[in-house]
Amino acid sequence: MEKMNDLRDLLHHEVLDLTSAEEQIIAALPKMIEKATNAGLKKALKNHLTVTQAQRKRLEKVHQLLHKGKTPKEEKGGLLAKLFGGENHKCKGTQGIIEEGEKIMKEEMNPEVMDAAIIASAQKIEHYEICGYGTARAFAEELGLREVADLLYQTLNEEYEADDILTEMAVNRLNKEAEIAGKKATGKGNENAGKEKGSKQVGGKTTAKAATSKNTALQNAVSKTPAAKTKAAGKTATTNGGKRAPAKKSR
Ligand code: FE
Ligand code: ZN
Ligand code: FE
């Protein structure tokens, strides 16, 4: 029984961590939206801000459910409260990712590169959340907390969706880059056009093709990550954090 009490405390801690993460993301997204140039990226980030606000509310419900019946040991000065500050916990992981992103966003750079930096930062945040929600959900399942598990699962799917959209944008950006490079090459019709991209062959086709294979590699890297992680690390609760949920809707 002691083990289950401890796991419940750990889940409570993860929920506080995610609550802090969502709050920091709500505060950080407007700046990212403002800095983004690409209309699609702006729209996706705006949309995720709305989704994130709902996720924050959903976590409140989860927190209430965890307090129902039993006060987590953590609040009575347990180990996790001592380590992380209990109810006042601030997620340092998210703080670090956001701070790094903000540092880059302060730099002067080409708008397209800025968009790439914003996508990269946003994906780091999503991956942190995917890990946190996946883990918390697995703990809730182990504890037999059906309603809590379902709520966490719902958010987990939304985070996967956000990550997929960002991946698509990163890939489209590379495709566009290839297209521009291709047009340049065709327009000039000389050897230099090919050399610009480090290719020995002349013409747009080669450049575009090279970029496409790069895109495929990126897609593979991203899509393979969750499955590979799960497979490599076995079936412990924590590794379920990297496991993609099979269906979009929670039961
Ligand atoms: Fe979130
Ligand atoms: Zn609490
Ligand atoms: Fe998110």
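Which residue forms a salt bridge with R146? I looked this up before anything else, in what is a predicted model.

**Entry: the R146 pair**

I found D150 as the partner of R146, with the closest N and O atoms 3.0 Å apart. I then checked where the two residues sit. Both D150 and R146 belong to helix α6, and they are four residues apart, about one turn of the helix. Next I looked up accessibility. D150 has a relative accessibility of 16%, so I noted D150 as buried, the limit being under 20%. R146 has a relative accessible area of 40% and is therefore partly exposed. I also followed the shared partners, and salt bridges join R137, E141, R146 and D150 into one network.

**Entry: other salt bridges**

I noted a total of nine salt bridges in the structure. I looked at two further pairs.

One of them is K31 with E102, whose side chains meet at 2.8 Å, N to O. This pair links distant parts of the chain: K31 is in helix α1 (residues 2-35), E102 is in helix α4 (residues 92-105), and 71 residues separate them. I recorded K31 as partly exposed, at a relative accessible area of 42%. E102 is also partly exposed, at 22% relative accessibility.

The other is K176 with E112, where the closest N and O atoms are 3.7 Å apart. K176 lies in helix α6 and E112 in helix α5, so this salt bridge ties together parts that are 64 residues apart in sequence. I read a relative accessible area of 42% for K176, which is partly exposed. For E112 I read 30% relative accessibility, again partly exposed.

**Entry: the iron ion (ligand 1)**

Which residues are the protein donors of the iron ion (ligand 1)? I listed E22, Q55, E129 and E159. E22 appears twice in the list of donor atoms, each time as OE, while Q55 gives OE1 and E129 and E159 each give OE. These donors lie 2.0 to 2.3 Å from the iron ion (ligand 1). Along the chain I wrote their spacing as E-x32-Q-x73-E-x29-E. Two of these donors link distant parts of the chain: Q55 is in helix α2 (residues 39-67) and E159 is in helix α6 (residues 146-188), 104 residues apart. I checked both Q55 and E159 for burial, and both are buried.

**Entry: the iron ion (ligand 3)**

I repeated the search for the iron ion (ligand 3). Its protein donors are H48 through NE2, E126 through OE (listed twice), and E129 and E159 through OE. They lie 2.1 to 2.7 Å from the iron ion (ligand 3). The donor residues are spaced H-x77-E-x2-E-x29-E in sequence. Here I noted a second link between distant parts of the chain, from E129 in helix α5 (residues 111-142) to E159 in helix α6, 30 residues apart. E129 and E159 are both buried.

**Entry: the two ions together**

How far apart are the iron ion (ligand 1) and the iron ion (ligand 3)? I read 3.2 Å between them. E129 bridges the two ions. I also found E159 in both donor lists, once for the iron ion (ligand 1) and once for the iron ion (ligand 3).

**Entry: helix α6 once more**

Going back over my notes, I saw helix α6 in several entries. Helix α6 holds E159, a donor residue, as well as D150 and R146. K176, the partner of E112, lies in helix α6 too.

Definitions and conventions. Residues numbered from 1 in each chain as written. Chains lettered and ligands numbered in written order. Predicted model: local features only at pLDDT ≥ 70, side-chain atom pairs only at ≥ 80, totals over all residues. Heavy atoms only, no water. Donors = N, O, S within 2.8 Å, 3.2 Å for Na, K, Ca; no water. Helix = DSSP H or I, 4+ residues; strand = E, 2+ residues; numbered from the N terminus. Buried < 20%, exposed > 50% of the residue type's maximum accessible area, 1.4 Å probe, protein only. Salt bridge = Lys/Arg side-chain N within 4 Å of Asp/Glu carboxyl O.
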